[in-house]
Amino acid sequence: MKATFSTSKSKGFTLIELLVVIAIILTLAGISMVVVNGVRDRASKAEASSEISGLQQAIENYMLDTGRLPVAWSPSEVRKKASKDGQLYFTTSLTDESGIMAILTNYMDEYDKKLNPKKTAYFNTKSTDMEGTPGLYFEGRGRVALYDPWGNPYHIVLNANPDDRTPRVTVGHRMVTKNVAIYSVGKDNQGSTEDGHLENDEFNEDNVKSW
């Protein structure tokens with residue numbers, strides 16, 4: 001008896017079926033990327049919010065301990081540098097001359113150590129070896145920068161007259177009842193003018209703020 005073999009060939013995918021499968025895979029990959037990016041954005045905002053809170057607390061603690069602003073300027077220089085509204089605007093970048101991050105991290109040269117008499121590291125977070133990347137960047141004694149999760153410096157607004165009975169600073173159109181306000185311009189790197197004012201809050205929803 002002869003063995004019989006089936007002559008029918010297995011039917012493969014048609015071109016249309018392959019295209020449908022590829023389209024489904026690409027759609028799922030796109031959805032996954034959106035989800036992953038959303039998670040990353042929320043994590044970055046949470047990190048920035050934590051650093052802003054820590055930085056604000058560090059500044060307030062320094063002021064309580066020393067009775068002065070955490071800047072490398074004398075009281076007379078502070079008055080000269082203050083804007084007409086009695087506020088100081090600066091950032092945590094390496095090019096900022098205030099020296100605030102060097103003072104708050106107690107990473108100063110011998111001449112300036114009087115600015116932190118208790119030798120207290122009021123602020124600390126992860127460090128980075130490259131300028132413009134997230135974290136604390138130590139270029140040298142007295143030269144320290146802090147960059148947010150998107151690689152931008154934080155903006156700081158300080159009341160140049162902290163002895164006022166009502167602590168307050170104005171950022172953009174918002175009055176903040178604190179002697180210090182801090183914000184990050186967020187992922188889009190938009191939302192700050194040269195003097196530190198927010199250009200328009202409603203158009204910069206990704207900004208992370210201390211108030």
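# Strands, rings and surface in a predicted model

Q: Is Tyr183 buried or exposed in this predicted model?
A: Tyr183 has a relative accessible area of 0%. The cut-off for buried is under 20%. Tyr183 is therefore buried.

Q: In what order do the strands of the four-stranded open sheet stand?
A: The pairing in this sheet is antiparallel. Read across the open sheet, the order is S1-S5-S8-S9.

Q: Which are the edge strands of the S1-S5-S8-S9 sheet?
A: The sheet is open, with four strands. An edge strand here pairs on one side only. That applies to S9 and to S1, which spans 87-91. The edge strands are S1 and S9.

Q: How many bridges join S1 to S5?
A: S1 and S5 run antiparallel. In one place along them, Leu88 stands opposite Leu158 of S5. The number of bridges joining S1 to S5 is five.

Q: Which residue of S8 stands opposite His155?
A: S5 also pairs with S8, antiparallel, over four bridges. His155 belongs to S5, residues 155-159. Opposite His155 in S8 stands Tyr183.

Q: Which residue stands opposite Ser184 in S9?
A: S8 and S9 pair over two bridges. Their sense is antiparallel. Facing Ser184 from S9 is Val208.

Q: How many of the five residues of S5 are buried?
A: One way from S5 point His155, Val157 and Asn159. The other way point Ile156 and Leu158. All are buried, whichever way they point. The strand is mostly covered, and the buried count is five of five.

Q: What is the strand order of the three-stranded open sheet?
A: This second sheet has mixed pairing. Its order is S2-S3-S4.

Q: Why is one side of S2 and of S4 left without a neighbour in the S2-S3-S4 sheet?
A: The order of the sheet is S2-S3-S4. S2 and S4 (143-147) stand at its edges. One side of each is left without a neighbour because each has a single partner strand.

Q: Which residue in S4 is the bridge partner of Phe138?
A: S3, residues 135-140, runs antiparallel to S4. Five bridges join the two strands. The bridge partner of Phe138 is Val144.

Q: How many aromatic pairs does the structure hold?
A: A pair of aromatic rings is described by the distance of the centres and the angle of the planes. The structure's count of such pairs is four.

Q: What kind of pair do Trp73 and Phe90 form?
A: This is one of the four aromatic pairs. The ring centres of Trp73 and Phe90 are 6.4 Å apart. Their planes stand at 85°, and over 60 degrees counts as edge-to-face. The pair is therefore edge-to-face.

Q: How many residues apart in sequence are the parts that the Trp73 and Phe90 pair ties together?
A: Trp73 lies in the loop between H1 and H2 (75-81), and Phe90 in strand S1. Trp73 is buried at 11% relative accessibility, and Phe90 is buried at 5%. The parts tied together are 17 residues apart.

Q: At what angle do the ring planes of Tyr183 and Trp211 stand?
A: The centres of these two rings are 6.1 Å apart. Tyr183 lies in S8 and Trp211 in the segment after S9, so the pair ties together parts 28 residues apart in sequence. Trp211 is partly exposed, at 24% relative accessibility. The pair is edge-to-face, because its planes stand at 80°.

Q: Which ring lies under the charged end of Lys81?
A: The charged end of Lys81 is 4.9 Å from the ring centre. The ring belongs to Trp73.

Q: How far is Arg141 from the ring centre of Tyr107?
A: Arg141 lies over the face of Tyr107. Its distance from the ring centre is 4.2 Å.

Q: What is the area of the nonpolar surface patch that includes Ile16?
A: Ile16 is found in helix H1, residues 15-66. Ile16 is exposed, with a relative accessible area of 63%. The patch is made by Ile16, Val20, Ile24, Leu28, Ile31, Val35 and Val39. Its area is about 650 Å².

Q: What is the phi of Lys119?
A: Most residues other than glycine have a negative phi. Lys119 sits in the loop between H3 (100-104) and S2 (127-128). It is exposed at 59% relative accessible area. Phi of Lys119 is positive, near 55°.

Q: Between which strands is the loop that holds Asn189?
A: Asn189 has a positive phi near 55°. At 45% relative accessibility, Asn189 is partly exposed. Its loop lies between S8 (180-184) and S9 (208-209).

Terms used. Residues numbered from 1 in each chain as written. Predicted model: local features only at pLDDT ≥ 70, side-chain atom pairs only at ≥ 80, totals over all residues. Heavy atoms only, no water. Buried < 20%, exposed > 50% of the residue type's maximum accessible area, 1.4 Å probe, protein only. Pairing = 2+ DSSP bridges. Patch = residues over 30% accessible without salt bridge, like charges linked within 9 Å, V, L, I, M, F, W, Y side chains within 5 Å. Areas by Shrake-Rupley, 256 points an atom, 1.4 Å probe, with all protein chains shown as cover. Salt bridge = Lys/Arg side-chain N within 4 Å of Asp/Glu carboxyl O. Phe/Tyr/Trp six-rings, centres within 6.5 Å; stacked < 30°, edge-to-face > 60°. Lys NZ or Arg CZ within 6 Å of the ring centre and 35° of its normal.
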